[in-house]
Amino acid sequence: MIWVLIFSELAAFGLFLGAFMVARAIHPAVFASGQATLDSHLAGLNTLVLVTSGWAAARATASARASQRQTARRWLFGAMALGTLFIAIKLFEYAGEIALGNGLETSPFFTLYFLLTGFHLLHVGLGIVILAVVSRGANVTGVETGAAFWHMVDLLWIVMFPIIYLVQQ
Amino acid sequence: MIPDRIDLTWIALIGLALATLLVPPLVARPLLGNALLLTFAALKGRRIVLDFLDLRAAPALWRGLVSAWVLVVVLFAWLASAIVALV
């Protein structure tokens, strides 16, 4: 069941990213000026945070498979804490962008930027909830399922980050 | 503690993430810079698919579908940017 959800999410984000790339090809100057106002260092820091969170989730899966439920639970808490840090950094980044006068209707770039990253941020929040739920029992199936969703969220960010923040025209 | 595949993957991902951040200031040519950025993204994606999602031992269909998603998205991104740069 989790794989149906994962493939659906990958397909939806793939189409969304495709729309972003097509829009950038149509409005290269608008996208270049919008991208120039983003803080790629904060987003880069968030990449390190989310990748480390994925590592913690993978360690939790390994611990659950070794029947070490308490250890698995601790790794899951680590993954959730780092996920929360990702959200905090992203909200801080949004605050800076909004302070500069950028919003959903500023330009096609910012419309797609806020929708894409906001949709991803919702998935980070949902992932934290899922990890919290599976950490209660910390059984193998539950931890594997929660971690799989979390790694999908990680994978999406790994692909989104360079496309939105770094790819030049 | 001896690092296992999960730890080595994390180290590789951190290294690739840092290398990604170094591309824009060091590579001025967009076509080459974008190719490097997206290659790093594909490599990171592959490590996540194989070692974090643990699809290394999964049926080839599942592994292939997720890996193909990564490849298609980064290739499309590079092609779209290349077309804009060349036109």
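A residue is taken as buried here if 20 or more other C-beta atoms lie within 10 Å of its own, with C-beta atoms placed from the backbone. In this predicted model, buried residues account for 43% of the 169 residues of chain A.

The fold of chain A is a helical one to walk through: six helices and zero strands, which follow one another along the sequence as α-α-α-α-α-α. The radius of gyration of chain A is 17 Å, close to the 15 Å that the globule rule gives for 169 residues, so the chain is as compact as a globular protein of that length. Measured out along the principal axes, its C-alpha trace spans about 55 × 30 × 20 Å. Among the contacts in chain A between residues at least 6 apart in sequence, 79% join residues at least 24 apart.

The last two helices of the pattern deserve a look of their own. Helix α5 (residues 108–137) of chain A packs against helix α6 (residues 140–166) of chain A at an angle of about 160°, and their axes are 9 Å apart. Angles over 145 degrees count as roughly antiparallel, and α5(A) is therefore roughly antiparallel to α6(A). The two helices, α5(A) and α6(A), cross in a left-handed sense. On the α5(A) side, the residues in contact include Tyr113(A), Leu116(A), His120(A), His123(A), Val124(A) and Gly127(A). From α6(A) come, among them, Gly142(A), Val143(A), Phe149(A), Trp150(A), Trp157(A) and Ile164(A). Sorted by class, this contact of α5(A) with α6(A) holds 14 nonpolar and seven polar residues, and no charged ones.

The loop between α5 and α6 of chain A brings a backbone detail, for it holds Ala138(A). Ala138(A) is not a glycine, yet its phi is positive, at about 50°. Most residues other than glycine have a negative phi. Ala138(A) has 21 other C-beta atoms within 10 Å, and because 20 or more are enough, it is buried.

Chain B offers a companion case in Asp54(B), whose phi is near 65°, again a positive value in a residue other than glycine. Asp54(B) sits in the loop between α2 (30–52) and α3 (60–86) of chain B. Is this residue buried or partly exposed? Asp54(B) has 19 C-beta neighbours inside 10 Å, and so counts as partly exposed.

How values were computed
Residues numbered from 1 in each chain as written. Chains lettered and ligands numbered in written order. Predicted model: local features only at pLDDT ≥ 70, side-chain atom pairs only at ≥ 80, totals over all residues. Helix = DSSP H or I, 4+ residues; strand = E, 2+ residues; numbered from the N terminus. Rg over C-alpha atoms; globule rule 2.2 N^0.38 Å. Buried ≥ 20, exposed ≤ 12 C-beta atoms within 10 Å, placed from the backbone. Contact = placed C-beta atoms within 7 Å. Axes fitted to C-alpha atoms, helices over the stretch in contact; angles between N-to-C directions. Parallel < 35°, antiparallel > 145°, perpendicular 65-115°, else oblique. Left-handed = near helix turned anticlockwise from the far one by under 90°. Nonpolar A, V, L, I, M, F, W, Y, C, P; charged D, E, K, R; others polar.
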